[in-house]
Amino acid sequence: MNVSDRPSYKLLARMFPGEPERSVPAFDTIAAARLGERFAGLDEIDALILTQTEAAWPEDVNVLLKALRSGAPDLVDHFTEQAVVLYFSTPAVSRALTGKPVPLFPNRTVMDDIDYDLLEPVIANCGGLADAERS
């Protein structure tokens with residue numbers, strides 16, 4: 001089966017539609033090639049989706065996810081977790097959201113060390129008290 005024909009692919013495209021105005025890519029433009037290699041249990045998820053969408057796909061993707069979760073909570077939770085990891089570990093998504101090509105997940109973003117000497121004038125000016133404490 002072609003990846004883009006899978007019900008799971010359609011679900012993922014609806015879960016991660018992207019935001020063109022912020023240059024956040026949609027799932028179907030970045031991660032389709034990685035779908036088969038990264039997801040365990042795709043056949044089971046596809047069968048479950050087909051069962052839940054026989055009549056029609058719900059407008060709201062969350063309605064479908066709740067229905068799927070009621071039938072196989074562990075499988076759907078694992079699928080959702082894999083989807084989040086796959087999408088947010090894609091450098092194009094990370095770059096659009098943070099300006100850095102480093103994946104958001106599972107890597108942490110390390111911030112530069114703070115020079116606390118820069119805060120001394122603020123602390124001195126406030127008598128060492130926060131605004132709420134001074135009033």
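This report describes the helix α6, the nonpolar core, the aromatic pairs and the salt bridges of a predicted model.

Residues are numbered from 1 along each chain as its sequence is written. Local features need pLDDT of at least 70 and side-chain atom pairs pLDDT 80 or more, whereas totals for chains, interfaces and linings use all residues, and side-chain values use heavy atoms, without hydrogens and water.

**Helix α6 and the core**

Helices are DSSP runs of H or I with at least four residues, numbered from the N terminus. Helix α6 covers residues 73-88, and its end C-alpha atoms are 22 Å apart, in agreement with the 22 Å expected for 16 residues; the expected span is 1.5 Å times one less than the number of residues. Among its buried residues (under 20% relative accessible area, with exposed over 50% and partly exposed in between, for a 1.4 Å probe and protein chains only) are V76, F79, L86 and Y87.

The largest nonpolar core (buried Ala, Val, Leu, Ile, Met, Phe, Trp, Tyr and Cys residues joined through side-chain atoms within 4.5 Å) has 23 residues, of which L11, L12, M15, L68 and F79 touch the most other members. Helices α1, α4, α5 and α6 each give two or more residues to this core, and the largest share, five residues, comes from α6. Leaving aside residues up to four places away in sequence, L68 touches L11, L48, I49, Q52 and V76, where contact means heavy atoms within 4.5 Å.

**Aromatic pairs**

The structure holds four aromatic pairs, defined by ring centres of Phe, Tyr and Trp (its six-membered ring) within 6.5 Å, with planes under 30 degrees apart stacked, over 60 edge-to-face and the rest tilted. F16 and F88 form an edge-to-face pair, because their ring centres are 6.2 Å apart and their planes at 85°. F16 lies in the loop between α1 and α2 and F88 in α6, so the pair ties together parts 72 residues apart in sequence. F16 is buried at 10% relative accessible area, while F88 is partly exposed at 24%. Together with Y87, these two residues form one aromatic cluster.

**Salt bridges**

There are four salt bridges, each a side-chain nitrogen of Lys or Arg within 4 Å of a carboxyl oxygen of Asp or Glu. The table includes three of them.

| Salt bridge | Closest N and O atoms |
|---|---|
| D43 and R6 | 2.6 Å |
| R22 and E19 | 3.7 Å |
| R69 and D77 | 2.7 Å |

Salt bridges with shared partners join R6, D43 and D46 into one network. R6 is buried at 13% relative accessible area, whereas D43 is exposed at 55%.
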